[in-house]
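Look over the sequence and the model below before reading on. The paragraphs that follow go from the whole chain to a pair of helices, and then to single residues in loops and strands.

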Amino acid sequence: MGLQSFERRLERFVEGAFARVFRSGLQPVEIGRRLTREMDLRRTVAPRGVLAPNSFKVLLSTSDRSKFQPIEEELVKELVEVANEHAKEEGYTFLGPVSVAVATDESLRPGTLLVAGEIAPGQGTATLTLPDGRRVVLDGDKVTLGRQPECELALADPNASRRHAEVRRGPDSTWLVADLGSTNGTKVNGLRISAPRQLENGDEITVGSTTVRFEASGAN
C-alpha cells in the first residue's frame, strides 16, 4: 500500500522532460522498496514493541545521483513518508523521527544502490540497550529490572532478583538507578551502588549477570 501510493505520487515528478530520464535504469520506486526491506531486515523486538530503523542513508552511483538531482528534495520527503507508512502497516515503532540522506558512492555501477538504516534515538530520548541489541525506551517515569514477569524489563537471569533494580526519572531531565534490595546488588560501571545514582550517557548497569547500557541522545 505505502509503496503503491509512493509510486503514484512520484509519477507527477517524472513526467514531461523527466520521463525520458527515467524511462530506463534505476527507478525511484526501487529506492522505496530497498528502504522498506532494510526496515524489515533490521527490525528488532523490544519489550514494548518492534523497533525499526528510522535513520537512512541512500548511496547512488555518480550517474544515477545526477539523474535524481532535480527531484532529490521531493524524493527524500516521499521516502520519509514511505517509512512512516510502512511502520504503521507493520506495527513498527521508531526511537526518533525518520530521516533520509542521499549521497554518491563512486564505486557503485549505474543502476545499483545501497540503503543503510539504523535505529537512532531522537533528541532527548533515553534508552537502555541490552546485550542482544534490544533497546528499551525510557518513555515513562520508571523501568523496573528483574526476573519477575511484571517488570518492565524482565530478565531471564538466574542471578537477578525478582525485582532487582529500578531506573527512574530524576530532577531536571536526569535519570537515576537504584537497587531494590536485591541479593547480589546493582553495579554501575563495575562498582556496586549503595544509594540511588544519577546516570550519565554510556553508563553500564549490571543486574545479576546482565549488563545494560544507558544511552541519552543529545549528550556530549
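The chain contains five helices and 17 strands. Keep in mind that this is a predicted model. The chain has 220 residues, and 46% of them count as buried. About 11,600 Å² of the chain is exposed, and 46% of that area comes from carbon and sulfur atoms. The contacts can also be sorted by how far apart the partners lie in the sequence. Among contacts with a separation of 6 or more, 60% are between residues 24 or more positions apart.

Next, consider one pair of helices. Two packed helices are described by the angle between their axes and by the distance between those axes. Here the pair is H3, which covers residues 28-41, and H5, which covers residues 72-90. Their axes come within 10 Å of each other and cross at roughly 40°. H3 is therefore oblique to H5. The reason is that angles under 35 degrees count as roughly parallel and those from 65 to 115 as roughly perpendicular, so an angle of roughly 40° falls in neither range. The crossing of H3 past H5 is right-handed.

Which residues of the two helices meet? On the side of H3 they are Pro28, Ile31, Gly32, Leu35, Thr36, Met39 and Asp40. On the side of H5 they are Leu75, Leu79, Val82, Ala83, His86 and Ala87. Sorted by class, the contact of H3 with H5 has nine nonpolar residues, three polar ones and one charged one.

Now turn to the loops, beginning with backbone angles. Most residues other than glycine have a negative phi. Asp172 is not a glycine, yet it has a positive phi of about 55°. This residue sits in the loop between strand S11 (165-169) and strand S12 (175-179). Is Asp172 buried or exposed? Asp172 has a relative accessible area of 75%, so it is exposed.

Ser173 also lies in the loop between S11 and S12. The phi of Ser173 is positive as well, near 65°, and Ser173 is a residue other than glycine. Ser173 counts as exposed because its relative accessibility is 70% and the exposed class begins over 50%.

Ser173 can be used to link this loop to another part of the chain. Gly124 is located in the loop between strand S6 (113-118) and strand S7 (126-129). Gly124 has 64% relative accessibility, so it counts as exposed. Along the chain, Gly124 and Ser173 are 49 residues apart, while their C-alpha atoms are separated by 8.7 Å. A second pair involves Ala126, which is 47 residues from Ser173 in sequence and 9.9 Å from it in space, C-alpha to C-alpha.

Another loop residue is Glu150, found between strand S9 (142-146) and strand S10 (153-154). With 61% relative accessibility, Glu150 counts as exposed. Glu150 and Arg162 are 12 residues apart in sequence, and their C-alpha atoms are 9.4 Å apart in space.

The last stop is in a strand. Thr211 belongs to strand S17, residues 210-216. How exposed is Thr211? At 30% relative accessibility, Thr211 counts as partly exposed, because that class lies between the buried limit of 20% and the exposed limit of 50%. Apart from neighbours within four places in sequence, Thr211 is in contact with Thr129, Pro131, Glu204, Ile205 and Thr206. Thr211 can also be paired with Lys187: the two are 24 residues apart in sequence and 8.9 Å apart in space, C-alpha to C-alpha.

Notes. Residues are numbered from 1 along each chain as its sequence is written. This is a predicted model: local features need pLDDT of at least 70, side-chain atom pairs count only at pLDDT 80 or more; totals for chains, interfaces and linings use all residues. Side-chain values use heavy atoms; hydrogens and water are left out. Axes are lines fitted to C-alpha atoms, for helices over the stretch in contact, and angles run from 0 to 180 degrees between N-to-C directions. Helices (H or I, at least four residues) and strands (E, at least two) are DSSP runs, numbered from the N terminus. Angles under 35 degrees count as roughly parallel, over 145 as roughly antiparallel, 65 to 115 as roughly perpendicular and the rest as oblique. A crossing is left-handed if the near helix is turned anticlockwise from the far one by less than a right angle, and right-handed if clockwise. Contact means heavy atoms within 4.5 Å. Ala, Val, Leu, Ile, Met, Phe, Trp, Tyr, Cys and Pro count as nonpolar, Asp, Glu, Lys and Arg as charged, and the others, Gly among them, as polar. Buried means under 20% relative accessible area, exposed over 50%, partly exposed in between (1.4 Å probe, protein chains only). Accessible areas come from the Shrake-Rupley method with a 1.4 Å probe; for residues, only the protein chains shown count as cover.
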